[in-house]
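Me: Hey, could you walk me through this one? I'd like to talk about charged pairs and how the chains meet.

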Number of protein chains: 2
Amino acid sequence: MTLSGLSQGIGERIIPLSFGHPDPEMLPTRELREATLRVLDGPRAGLALQYGAEQGTQSLIEVLVEKVRREHGLELTAAQLMIVAGSTHAVDMLARLYARPGGVVLVEMPTYMDTLHVLRDQQLELCSVPMDEDGLLPAALEEQIEQLYARGTFPSLLYSIPTFHNPTGRTLSQTRRLEVIELARRYNFWIVEDDVYRDLAFVETVPPSFAALTGGERVLSIGSFSKTLAPGLRLGWLVAPAQEIQRCMACGTTQMSGGANPLVAHMVAEYCKSGAWEPHIHLLRSRYQMRRDVALAALTSFMPAEITWTHPQGGFFIWLSLPEYIQAQEIRQLALQRGVALTAGEGFFVEAARGAHHLRLTYSCATPQEIETGLRILAQLLRELLH
Amino acid sequence: MTLSGLSQGIGERIIPLSFGHPDPEMLPTRELREATLRVLDGPRAGLALQYGAEQGTQSLIEVLVEKVRREHGLELTAAQLMIVAGSTHAVDMLARLYARPGGVVLVEMPTYMDTLHVLRDQQLELCSVPMDEDGLLPAALEEQIEQLYARGTFPSLLYSIPTFHNPTGRTLSQTRRLEVIELARRYNFWIVEDDVYRDLAFVETVPPSFAALTGGERVLSIGSFSKTLAPGLRLGWLVAPAQEIQRCMACGTTQMSGGANPLVAHMVAEYCKSGAWEPHIHLLRSRYQMRRDVALAALTSFMPAEITWTHPQGGFFIWLSLPEYIQAQEIRQLALQRGVALTAGEGFFVEAARGAHHLRLTYSCATPQEIETGLRILAQLLRELLH
């Protein structure tokens, strides 16, 4: 999440294909300004500036319950949703409450690097589950769990990014989602569904969320305003069975701080109630889809045959696989010297070495022209190193 | 931190002597509105809405460095201060980074109940240090540490609220602060200084902070905007040696979320730079001092001789001690039936039973009239139960 590489060029800026930041041009500043005035000039200004109820700002909970009902087809009540201070807060809190230090958490291989960091900070053991083009492999998941059971260890959580996965851009198929749910029931673990890219779909149909497929049972599902509104708000939500929401409300950090970011939550509730969010999401989808198209076309045009990549149907990321004699870290450094920032694969794996021949590209915050230029430079670089 | 009891009365509201919430009447809504417009209409709107640098918003860091230099007489640089999402974030992060699960944290007896909760959630063992009117007892602290050493346990942190302590309102004397620092050096532990009430002094001179007394060494000192500006902002700061700030910036949750609450931090920086914060703090001091005076006068007038209480020189809290045959929980319930919300002492102790004959009163969010009425009702209730 460091900002270096985003704008450090002197004269010309470094082309930012590294971090999954939303395009700064697409932040709805004016509408958020109007929403803020409605909060601070209105009767709830005092409430917005005071400690909030543990579950979060009621008006925002209502907006989100309505959204999840409509879009997930999930019949949830307000008791099944909680406001969180971004997905970081949710991941951290769920790991704390549902896994014990020294316990095991199952993760996809690869997975979001900062989640690995948070889980490691909590002294959790991490166990990776391989994936292919259709997402994590349920048979491999079962095999991992059986191995853990054989040594007397019972994993309590599976952390999954099923839709437009970070770093690969892949989406877990519906069939596999159902198989994973079946395993969660059989082996008694919770599915932590990090679904923060779901709203940024470039296709009509996306597989139902884990939460929708189980009716909410066995799933702790995380949403975020960071990708579809603005990361600087630090705001998201958690959908879970009512009893689990109660457990999260009773967590020490929730008790100490009150509800998540009350002022900002009131602002965002006003923004959403104005009806501005959905058209904004539609705009983002078409804008990011266009950039994804530019990126895939550039890869097809420029890349040597030895390089392969994923074809995301939404979200921010493309995952490149290099021949085994090429080191991603070396490419990353050389690309940076030529003005292109990329992320090497190591950080996304529990065993870093597995990522040594992968690169993550993001098309979220570079212009189409920059994406094309950046990928041409990368392709040229790779060609120079190919045998 | 629950809001129940704050305004649940039908017709007449429950008198809120329970939670340490700032007076809603004293939230500087208008000035924060102006500051928000300066951010969202200005050239840094995009920056405020984007992920922020891990250390926090630079303009706010500058404001706070200047404040700490001026008020603490501590020659710190910008590298020694970090923005946090309220003191909750800081306490949680420091416990995570500086104590290991199963490790021991030293706390005052009594101490802030929500901190106990956060530390317990992190699987830390808690060891209490007795206090008297001048704050924690260094000799007792040393004795506790020696006992821990004797069983091969080395506490890594002392969590202290040295100034206008929660729940007692007491202030640790300068002599004792120096003795505690000497122990921290000898026994190699960090002092986590929760100094969120410091700005609300009713006297000219307050003992220097632990951070000021050591020049920053061995101290992780927490400040907050919750008591002097607005809790709904979720914003505070951490002063620590530069190397420890680096360690906090490398924490998983910091890496995942970026800097603490960027939008709100930009707003508050604008607010502070307008020069509005200091006069606002002066206003708060005189207002809270007046209420403290009303509370102490009412206690003197109404309370039976068997009841004793503390005399805070700042902050929000008064601590009542009852005869041993009177149960604070019973008083709390009876008082609530008569329309007065109080907090019983148990939650503030590692061993809850030690708080069974104590009550915490806050004068921060009730009107002077309510404070007087509430304490008259409480005194009457106690008189009925006295032998």
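Reply: Happy to. One thing up front: this is a predicted model.

Me: Okay. How many salt bridges are there over all chains?

Reply: The count over all chains comes to 48.

Me: Let's pick one residue. Which partners does B:R70 have in salt bridges?

Reply: One is B:E66, with the closest N and O atoms 3.6 Å apart. Another is B:E278, where the closest N and O atoms are 3.1 Å apart. That second pair links distant parts of the chain, with B:R70 in helix α3 of chain B and B:E278 in helix α12 (residues 277-302), 208 residues apart.

Me: And why can B:R70 get to B:E66?

Reply: Both sit in helix α3 (residues 58-72) of chain B, and because they are four residues apart there, about one helical turn separates them. In general, side chains of opposite charge can pair when their charged atoms come close.

Me: Are those side chains buried or exposed?

Reply: In between. B:R70 is partly exposed at 43% relative accessible area. B:E66 is partly exposed too, at 42%, and B:E278 also counts as partly exposed, with a relative accessibility of 42%.

Me: What about B:D293 and B:R292, how do their side chains meet?

Reply: In a salt bridge, 3.0 Å from N to O. B:D293 is partly exposed, with 39% relative accessible area, while B:R292 is buried at 9%.

Me: Over to chain A. Which residues are linked in a network of salt bridges there?

Reply: The network links A:E66, A:K67, A:R70, A:E71, A:D199 and A:E278.

Me: Now the interface. How many residues are in contact between chain A and chain B?

Reply: 60 residues of chain A are in contact with 60 residues of chain B.

Me: And how much area do the two chains bury between them?

Reply: About 5,100 Å², and 63% of that is on carbon and sulfur atoms.

Me: What about polar links across it?

Reply: The interface of chain A and chain B has four salt bridges. One to look at is A:R96 with B:D92, whose side chains meet at 2.7 Å, N to O. There are also 21 residue pairs in polar contact across the interface, counting pairs with both residues at pLDDT 80 or more.

Me: Which elements of chain A give two or more residues to the side that touches chain B?

Reply: Those are α1 (29-40), α2 (45-49), α4 (86-98), α5 (113-121), α10 (252-257) and α11 (262-273) of chain A. Of these, α1(A) gives the most, with six residues.

Me: How do the residues on that side divide?

Reply: Into 27 nonpolar, 23 polar and ten charged.

Me: Back to α5(A) for a second. Which of its residues are buried?

Reply: A:D114, A:T115, A:L116, A:V118, A:L119 and A:D121.

Me: And what covers them?

Reply: Parts of both chains. From chain A, the cover includes α4, β3 (104-109), β4 (125-132) and β6 (157-160). From chain B, it includes α4 (86-98) and α10 (252-257).

Me: Last one: what is the phi of A:Q123, which follows α5(A)?

Reply: Phi at A:Q123 is positive, near 60 degrees.

Note on methods
Residues numbered from 1 in each chain as written. Chains lettered and ligands numbered in written order. Predicted model: local features only at pLDDT ≥ 70, side-chain atom pairs only at ≥ 80, totals over all residues. Heavy atoms only, no water. Buried < 20%, exposed > 50% of the residue type's maximum accessible area, 1.4 Å probe, protein only. Contact = heavy atoms within 4.5 Å. Buried area = accessible area lost by both parts, 1.4 Å probe. Polar contact = N/O pair within 3.5 Å; in protein donor to acceptor, adjacent residues only side chain to side chain. Nonpolar A, V, L, I, M, F, W, Y, C, P; charged D, E, K, R; others polar.
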